[in-house]
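Q: I'm new to this structure and would like a close look at a single part of it. Could you take me through how some of its helices pack against one another?

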Amino acid sequence: MLLHLVPEFDLQKDVGPWLAARGWAAALGTSENLSSLYIVNIERNGKVIYTWKGNQRNTHIGLYDLQTKQNEHLYMFERDLHIISCSVNNERTLLAVSFRQYTEEERVSRLLQSVSKYLTLLIEIHPINNVRVLKAVDSCVRVQFLYPVEGRSTSTESRLLLVSEDKYIEQFDIVVAEEEHKVVIQNSGQLPRARVADDLIWAQWDMMEQRLFYIVPKESKSTLKCIQFYPDENFNSILESHLDISVNDTQFKLVNFGYDDCQNQDVASKSLNLQIFASKAGGLCVCCSLPSDTPHEIMYSIYFLHKGYNKTFTVSLERTESHQLKEVAFMNLGEDARIDILQNSSIRSLLLSIVLDCQEGSMYTVSISDTALLQLLQNSKRDSERLAALHCALLYFQHTEDLEMQIIWWISENLSTCLSFDPIQEFIIASLYCRMCPEAHNLDKLLPYTSLLDWIGIIPGVTCATDIISLPVLEFQNSKGFWEKLNSNLESVKYAEPHLHYHNNVLRREWCNLSEEIEERTTTAYLRNIFENAKKVLSHLDTWDSEERLMPLFQEEDYQQQLLMGLMVAQLKDHLMRHLQYVGKKKIDQIVLDYVANLLNLVHRIMKEVWRKYQLHSCIFCFGERGGAGEFAVFHVMSRILEAANGMCLPLPPGFHTLHLGLGVRCLPLHTLLHYIDSGVLHLTETCVRKLLKDLDDTEENEKLKFSIVMRLPEALGQKVRQFWNHPINAHVMARKYVKLLLEKLGNRQCSRPVPERLAVPVEFLPLNYLTNILAEIENQGVHPYEKQDHVNVRFVEETALKHTMTLLGLKYS
């Protein structure tokens with residue numbers, strides 16, 4: 001099971017023994033009395049209010065404290081009543097109760113038509129004293145005390161909300177006084193009250209933040225409103241938003257205003273199945289299940305009010321028993337998952353990561369099981385489930401060392417099984433997102449969280465349509481916390497560019513252009529600044545990363561990768577500066593350096609874990625023997641890392657190409673190695689080629705390898721490393737290239753005077769004499785292709801030509 005449920009409260013286990021010990025419910029074990037024990041409400045401080053029938057059919061109300069694990073008896077009615085709603089104030093001095101006095105049949109049989117069907121009372125319970133009637137009506141009423149902020153001292157004033165099925169909400173102000181060790185209501189006449197909302201068809205109570213969301217129908221659309229209640233003030237209407245939700249023939253429904261176990265299921269099916277979730281970061285979502293005309297299909301919409309769009313999902317159910325699904329349950333768990341042991345129709349989401357099973361009277365703390373999540377990642381055959389599990393693991397478990405290792409091992413084994421996404425790209429981008437977003441507010445809107453441009457086709461049987469919606473209107477002054485963050489999110493949406501998340505589409509083009517300047521050895525102030533950015537990244541990485549690294553990672557110069565690093569720093573900095581002006585340049589510089597340094601470290605982390613998985617040494621960098629199966633597996637992973645980085649234009653740690661090429665030389669046959677080099681999979685680096693030329697002896701097979709490598713070297717790199725191979729073939733290549741460059745630079749110049757012989761003993765070979773004379777003349781004119789390599793000159797060319805000719809003729813040269 002993906003979700004790990006820890007029981008926090010169970011009526012039968014936590015309340016049953018306590019009742020039996022006091023003789024209040026001796027027959028609690030009978031099925032009749034078991035059904036009479038049920039949860040009525042859960043208050044903001046976590047105290048659970050429940051009711052049960054006593055031995056004499058009395059109706060009791062009790063309270064269970066989740067922190068102290070203690071029960072408390074609050075009140076008893078000497079009648080058999082059905083409690084509909086109940087709430088106790090923070091000081092536990094007042095109790096509000098709403099109950100049904102008689103059913104319609106009972107009223108008719110007893111000729112009680114003039115007696116109200118429902119009654120709402122306000123009771124003094126410290127100690128039990130007076131009772132006041134708040135409502136005597138034929139419609140159901142729900143009650144809920146408002147709670148002050150935590151840590152506030154005891155108050156003499158309480159506020160109570162009354163929610164009527166007649167589609168209005170009132171607030172009662174109650175002042176109490178302490179008289180002779182008892183607390184009594186001070187108001188002698190009617191209690192002061194104020195109308196909070198009218199004409200609503202749906203309402204949701206947010207107990208933690210003391211907010212009331214409700215919907216008022218208006219013609220074809222409906223309007224969502226929110227009222228914020230304050231601990232020391234009255235209440236303010238703070239939000240209004242138009243929703244494109246049909247409310248025709250919709251029954252009145254309340255969410256989180258207590259839990260009525262006898263709620264009419266037919267009425268519930270005709271009610272608006274809607275719930276609102278708010279995040280601490282200022283996110284506000286409306287989740288609504290829509291009726292579908294197609295059998296075995298479910299539709300639901302999520303209105304992202306803080307982002308200005310709505311997503312409607314259509315889900316084709318695989319199981320034929322889909323008619324058993326009474327409604328879609330929306331839960332505030334942070335991640336979506338199925339809870340098989342709970343009944344869908346009875347699930348209520350109370351607080352973050354807490355759910356209540358109303359039918360069973362049980363409450364659970366819900367967390368995501370890391371073991372089950374990894375099993376889903378490892379055993380699932382669907383890309384959609386793998387992708388969800390991967391992102392969920394990285395986000396929820398905050399990249400713990402062991403979990404990260406297991407994910408990397410899974411990636412190394414499943415590089416070719418994920419068809420619709422690249423697991424390396426998703427691991428790197430999602431990990432960066434999770435690491436960096438806490439650094440600054442609104443950073444989550446600016447950094448990429450996935451490598452995928454869209455989700456079309458990722459989840460089979462699920463389609464998604466996106467629509468732009470109008471932004472909600474906020475009305476408040478000097479509001480802090482959630483509302484301030486929501487307002488900031490809305491302002492970002494108003495002035496946002498079409499593509500707010502950073503994208504590397506410009507980075508690749510700029511990198512290619514500047515790469516040409518580097519090859520031409522052009523140095524500009526802009527280029528110097530770019531390379532300075534790269535140095536800062538590498539220096540920054542050194543300051544907070546002391547783990548042992550794979551040689552030669554981060555130990556050599558790689559101008560192409562440093563260029564890409566520096567460009568990413570510059571472009572990401574510009575992107576953040578446009579949207580995070582309030583953060584400040586110094587903080588943005590720090591964020592950008594952290595981002596690119598973390599990127600490089602993640603690549604190193606993947607490689608290190610793969611090295612550990614296949615039990616390789618810290619560095620496989622010896623060409624004297626062939627590589628084994630483990631090295632080939634690591635080589636394959638490195639090839640996929642390179643492919644992933646190229647696909648998203650991400651920099652790699654300097655030294656990556658050297659290590660990759662070294663493994664390629666050890667693991668690949670010559671024709672495959674050369675194919676990888678020619679196709680750009682393997683990059684020839686100075687460190688690796690120099691070591692290869694120096695370490696390998698000149699057997700026939702090694703000569704073929706060296707010559708193939710030498711012939712593929714770029715000119716600038718070839719000049720540096722050829723001197724490390726003391727072989728006639730290499731000398732021949734160097735001489736030919738020198739002659740070619742000299743003649744190219746000669747152009748239309750003509751020799752103006754004779755040139756003395758280059759050797760002490762003239763060679764009687766006129767073509768060679770003529771060539772050396774021409775080359776000497778060019779050298780005398782100051783043309784030197786290899787200014788920094790004086791050992792290559794006309795004399796070297798002449799000697800090499802003679803040696804090569806004598807070798808071909810089978811003669812001995814002295």
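A: **Helix packing around α13**

Let's start with the whole protein. Among its contacts with a separation of 6 or more, 59% are between residues 24 or more positions apart. Please keep in mind that this is a predicted model. Its secondary structure comes to 22 helices and 28 strands, and buried residues make up 52% of the 814 residues.

Now to the part you asked about. Two packed helices are described by the angle between their axes and the distance between the axes. Helix α13 covers residues 585–613, and we can follow its packing with two other helices, α12 and α14.

Take α12 to begin with, which spans residues 559–579. Its axis and that of α13 come within 9 Å and cross at roughly 140°. That angle makes α12 oblique to α13, since the label "roughly antiparallel" is kept for angles over 145 degrees. The crossing of α12 with α13 is right-handed.

Which residues of α12 and α13 meet? On the α12 side they are Met565, Met568, Val569, Leu572, Lys573, Leu576 and Met577. Facing them in α13 are Lys585, Ile588, Asp589, Ile591, Val592, Tyr595, Val596, Leu599 and Leu600. Sorted by class, this contact has 13 nonpolar residues, three charged ones and no polar ones.

Next comes α14, made of residues 629–648. Here α13 and α14 pack at an angle of about 165°, and their axes are 10 Å apart. The two helices are therefore roughly antiparallel to each other. Their crossing is right-handed.

In this second contact, α13 contributes Val603, Ile606, Met607, Val610 and Trp611. They meet Val634, Val637, Met638 and Ile641 of α14. The contact of α13 with α14 divides into nine nonpolar residues, with no polar and no charged ones.

Putting the two contacts side by side, α13 meets α12 through residues including Lys585 and Leu600, and meets α14 through residues including Val603 and Trp611. The contact with α12 includes three charged residues, whereas the one with α14 has no charged residues.

For a glimpse beyond the helices, you can also find an open sheet of six strands in the order β19-β15-β16-β17-β18-β28, with mixed pairing. Its edge strands are β19 (253–255) and β28 (473–474), each pairing on one side only. Within the sheet, β16 (residues 211–218) and β17 (residues 221–229) pair in the antiparallel sense over eight bridges. Phenylalanine 213, for instance, has cysteine 226 in β17 as its bridge partner.

How values were computed:
Residues numbered from 1 in each chain as written. Predicted model: local features only at pLDDT ≥ 70, side-chain atom pairs only at ≥ 80, totals over all residues. Heavy atoms only, no water. Axes fitted to C-alpha atoms, helices over the stretch in contact; angles between N-to-C directions. Helix = DSSP H or I, 4+ residues; strand = E, 2+ residues; numbered from the N terminus. Parallel < 35°, antiparallel > 145°, perpendicular 65-115°, else oblique. Left-handed = near helix turned anticlockwise from the far one by under 90°. Contact = heavy atoms within 4.5 Å. Nonpolar A, V, L, I, M, F, W, Y, C, P; charged D, E, K, R; others polar. Pairing = 2+ DSSP bridges. Buried < 20%, exposed > 50% of the residue type's maximum accessible area, 1.4 Å probe, protein only.
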